Amino acid sequence: MSKLSLKNKSILVTGGAGFIGSHLVDRLAAESPTRVVVVDNLFLGKSSNLDDARALLGDKLICHWQDAADIEAMREIVRKEKVQVVYDLAVIPLPASLEKPMWTVMENVKLTTSLCELQREGVFETMVHFSSSEAYGSAMFVPITEEHPLRQSTPYAASKSAGDLVALSYQHTFGLDLTVLRPFNNFGPRQNEGNFAGIIPIVIQRVQQGLPIIINGDGLQTRDYIYVTDTADAAVRMYEEPTTRGRVINIGSGVEVAVNDLVACILEVMDCRNHPIEHGPDRHGDVRRHMAGTKLAEEVFGFAPKVSLREGMKTTVEWYLSQSVKAGGASC
Ligand SMILES: NC(=O)c1ccc[n+]([C@@H]2O[C@H](COP(=O)([O-])OP(=O)(O)OC[C@H]3O[C@@H](n4cnc5c(N)ncnc54)[C@H](O)[C@@H]3O)[C@@H](O)[C@H]2O)c1
């Protein structure tokens with residue numbers, strides 16, 4: 001089967017003003033699309049995350065600050081913008097599911113199901129749905145291949161698995177042109193640093209504020225950290241390769257990193273090795289062990305991450321520090 005191309009395509013990214021979504025929009029610009037349409041309700045996303053994309057795409061970037069779970073509004077946008085390919089990224093994140101579990105589950109499942117329904121109607125051609133490694137829960141074996149059982153440990157993880165199952169069921173029942181990309185932990189610039197922030201922006205902020213870093217539990221829990229531009233690149237490659245359809249494909253670095261070592265890496269890059277660290281209680285539902293098996297992605301579309309943890313962390317820290325300088329904040 002020959003490779004497909006995003007050239008001259010109208011592409012929609014839900015959650016496109018978020019962390020991974022905005023990097024994906026930047027990456028899509030290199031494919032010479034007719035237009036890239038962002039739908040984001042700015043729940044956590046920011047218009048400023050698309051500043052690079054605005055420079056790259058000019059008036060080919062179209063933003064709708066809109067609820068992507070509103071099927072009527074989405075039908076109108078998809079028709080108006082003549083969308084052919086949809087990247088489904090909009091999400092309520094994991095920490096929100098610890099405070100508002102039912103709402104998180106309902107929102108995340110609705111976001112994906114609405115798009116499946118529109119694709120079933122034939123309003124657009126292809127969907128790349130973003131899953132999450134959280135769907136696996138704690139590893140029963142490593143590396144975690146796509147055959148690993150789904151053992152969700154939070155309502156967020158359950159909502160992501162449910163979205164995947166809905167997407168795959170629509171693909172199977174209605175023959176949709178659809179694939180599921182399952183990323184492990186992403187890191188890089190533009191990761192949300194406000195409400196529901198992840199560990200990397202939190203650690204950088206605490207160092208800047210001169211506050212001790214609090215690690216949940218013993219810090220021996222592990223994750224697989226992939227630099228965000230490697231994920232964005234994989235999302236393009238997955239579209240291009242028709243044999244990905246109907247499949248779930250892991251995207252990660254294949255490197256297992258303990259949270260203690262991640263924090264040490266951030267502190268080393270910030271040149272603050274002796275910054276105080278404390279250990280707090282475990283976070284409810286925290287996954288103990290994660291490490292991606294990425295053989296399938298390697299075989300199917302030659303996936304090979306380019307950016308190491310150390311290299312990516314340098315760029316990430318520099319970016320957060322530059323934001324903080326803009327805001328008049330102090331550095332370590
Ligand atoms: N960041 C990671 O480490 C990671 C790991 C695995 C999977 N993922 C998946 O990747 C995708 C993107 O994650 P992210 O880290 O960029 O998250 P993010 O929170 O930075 O981005 C999600 C975006 O969705 C938007 N959004 C939320 N509800 C919406 C709604 N109803 N309508 C329109 N927009 C809405 C938010 O405003 C935000 O901009 C998600 O599907 C997530 O599950 C992320």
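Here is a short conversation about a predicted model of a protein and its ligand.

Visitor: Welcome me in, please: what kind of model is this, and from which number are residues counted along each chain?

Guide: This is a predicted model, in which local features need pLDDT of at least 70 and side-chain atom pairs count only at pLDDT 80 or more, while totals for chains, interfaces and linings use all residues. Along each chain, as its sequence is written, residues are numbered from 1.

Visitor: How does the radius of gyration sit beside the globule rule, and what is its value?

Guide: The protein has eleven helices and 13 strands, which are DSSP runs numbered from the N terminus (helices H or I, at least four residues; strands E, at least two). The radius of gyration is taken over C-alpha atoms, and the globule rule is 2.2 Å times the number of residues to the power 0.38. For 332 residues that rule gives 20 Å, and the protein comes close to it, so it is as compact as a globular protein of that length, with a radius of gyration of 19 Å.

Visitor: Which helix gives the largest share of the largest nonpolar core?

Guide: A nonpolar core is a set of buried Ala, Val, Leu, Ile, Met, Phe, Trp, Tyr and Cys residues joined through C-beta atoms within 7 Å. The largest one has 87 residues, and V13, L181, A235 and I266 have the most contacts inside it. Its largest share is seven residues, and they come from helix α8 (residues 228-240).

Visitor: Which residues is V13 in contact with, leaving aside neighbours within four places in sequence?

Guide: Two residues are in contact if their C-beta atoms, placed from the backbone, lie within 7 Å. With those neighbours set aside, the partners of V13 are G21, L24, V25, V36, V38, Y87 and L89.

Visitor: Which element supplies the largest share of the shell around the ligand?

Guide: A residue is near the ligand if its C-beta atom, placed from the backbone, lies within 6 Å of it. The ligand is surrounded by 32 residues, the closest being G15, G18, F19, G45 and S132. At least two shell residues each come from α1 (19-29), β2 (35-40), α5 (101-120) and β7 (185-187). The largest share, three residues, is that of α1.

Visitor: Is A157 buried or exposed?

Guide: A residue is buried if 20 or more other C-beta atoms lie within 10 Å of its own, exposed if 12 or fewer, and partly exposed in between, with C-beta atoms placed from the backbone. A157 is in helix α6, and it touches S132, E134, A135, G137 and Q152, not counting residues up to four places away in sequence. Because 22 other C-beta atoms lie within 10 Å of A157, this residue is buried.

Visitor: And K82, with its positive phi: buried or exposed?

Guide: K82 lies in the loop between α3 (71-80) and β4 (85-88), and its phi is near 50 degrees, a positive value in a residue other than glycine. Because K82 has 12 C-beta neighbours inside 10 Å, it counts as exposed.

Visitor: Which residue does a cis peptide bond join to V142?

Guide: The omega of this bond is about -10 degrees. The partner lies in the loop between β5 (126-130) and α6 (155-174), and it is P143.
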